[in-house]
Amino acid sequence: MKEVKELLIEAKDEISSANDMASLNNIRIKYLGKKGLVTLEMKKLKKLPQEEKPKFGAVINKVRNEIEKLLNEKMEEIRKNEKIKKFEKIRVDVTLPGAKRDKGHLHILTKVQRELEDIFISMGFEVVEGPEVEDTWHNFDALNTPEWHPARDAQDSFYFDEKTLLRTHTSPIQIRTMLEKKPPLAIISPGRVFRRDYDSTHLPMFTQMEGLYVDKNVTVRHLKYTLEEMARRVFGESAKVRLKPSFFPFTEPSYEVDVWFQGNWLEILGAGMVDPNVFRNVGYDPETWSGFAFGLGLERIAMVKYGIKDIRDFIRNDVRFLENY
Ligand code: DAH
């Protein structure tokens with residue numbers, strides 16, 4: 001009896017100092033296994049005289065149950081600890097500062113384009129777009145630009161074949177619009193244009209915005225007011241506009257337009273009164289209809305407004321540049 005009780009004390013000791021499942025299992029085998037110490041004691045029961053059996057049996061049973069209980073409790077405890085350890089490992093500290101992610105924004109040119117669109121829309125203009133691959137009729141002939149004109153030189157443009165090229169300006173949209181709509185009309189048309197140029201002030205691909213206004217009795221005053229209003233909204237109230245005589249095949253008279261900004265006259269666009277030949281080419285009667293047109297370079301406007309020196313920066317995709325705007 002005494003031995004059996006000592007078994008319990010030993011087992012208790014071992015169980016309490018075990019701290020993983022493997023050693024618990026060994027303890028279980030040592031005491032309760034087929035050849036375990038407690039099991040052996042039970043086997044001795046048979047050999048005892050009849051009257052001692054119940055008492056001894058009860059003690060052994062109690063010891064066995066007690067060990068079983070301790071083992072189970074310890075198992076539970078170990079399981080719990082392992083769980084805690086596991087969660088501790090994968091715990092996320094939500095109070096740590098988060099990983100910083102750079103937020104993107106619109107490209108400077110897109111912003112300038114949208115700003116101009118808003119300005120012209122507020123004056124009643126509609127935004128239309130056209131194809132970047134054009135035919136020579138829309139790009140040149142219909143715009144009163146004859147075969148011999150230097151702008152048509154293959155050296156200056158990107159031709160696919162004799163009659164197809166990447167548009168060299170947004171002016172063909174004037175033609176496409178007038179063929180489609182009846183006057184009066186007021187449109188602007190932003191888009192990419194292509195020329196064989198590449199230096200600090202010229203790109204082979206750049207962005208223009210065409211403007212066309214057709215109505216009865218349109219004069220240069222309408223043109224000048226519209227451009228002044230645009231200049232004031234883009235460059236500030238003190239912006240002034242100056243028209244200089246120039247030449248474009250599709251306008252008569254034609255102007256180069258300067259804006260007074262930060263102490264300088266800056267040339268930012270071409271403009272003029274729509275040439276009667278252009279009206280004839282789209283079937284408008286030039287005796288009835290009159291209009292003005294303009295074409296401005298969006299890179300140019302952005303460069304003037306933001307003091308950008310090299311036009312190539314727009315397409316270099318250098319974040320250090322893009323971040324500034
Ligand atoms: N298309 C001309 C160019 O690319 C710009 C231009 C000048 C457009 C006068 C016009 C205009 O509509 O009236 O150089």
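Helices (H or I, at least four residues) and strands (E, at least two) here are DSSP runs, numbered from the N terminus. With that in hand, N217 falls in the loop between β6 and α8 (220–235). N217 has a positive phi of about 55°, though it isn't a glycine.

A word on the ground rules: this is a predicted model, where local features need pLDDT of at least 70, side-chain atom pairs count only at pLDDT 80 or more, and totals for chains, interfaces and linings use all residues. Residues are numbered from 1 along each chain as its sequence is written, and side-chain values use heavy atoms, with hydrogens and water left out.

**Around the ligand**

The ligand sits in the largest pocket. A pocket is an open set of points on a 1 Å grid over the protein atoms alone, where a 1.4 Å probe fits and protein lies on both sides within 12 Å along at least five of seven lines; "sits in" asks that more than half of the molecule's atoms lie within 2 Å of the grid points. Two or more shell residues come from each of β6 (205–215), β9 (264–274) and β10 (290–297).

In total, 15 residues surround the ligand, with H169, S171, R195, Q208 and E210 the closest; the cut-off is a heavy atom within 4 Å. By type, the shell splits into five nonpolar, eight polar and two charged residues, with Gly counted as polar.

Here are some polar contacts (N or O pairs within 3.5 Å):

| Ligand atom | Protein partner | Distance |
|---|---|---|
| nitrogen | H169, side-chain N or O | 2.9 Å |
| oxygen | Q174, side-chain N or O | 3.0 Å |
| oxygen | A293, polar backbone atom | 3.1 Å |

Taken alone, the ligand exposes 360 Å², and the protein buries 89% of that (Shrake-Rupley, 1.4 Å probe).

**Backbone and domain**

There are cis peptide bonds to look at, too. One joins P183 and P184, with omega about 5°, and P184 lies in the loop between α7 (172–180) and β5 (185–194). Another joins E252 and P253, with omega about -5°; P253 lies in strand β8 (residues 251–261).

An unreviewed UniProt entry lists residues 106–304 as "domain: Aminoacyl-transfer RNA synthetases class-II family profile", and such annotations may be inferred rather than shown by experiment. Over that stretch, 106–304, the chain is 29% helix and 36% strand, and the end C-alpha atoms are 19 Å apart.

Note on methods. A polar contact is a pair of N or O atoms within 3.5 Å; within protein, one must be able to donate a hydrogen and the other to accept it, and residues adjacent in sequence count only if both atoms are side-chain atoms. On a 1 Å grid over the protein atoms alone, a cavity is a set of points where a 1.4 Å probe fits but cannot get out, and a pocket is an open set with protein on both sides within 12 Å along at least five of seven lines; lining residues have an atom within 4 Å of a point.
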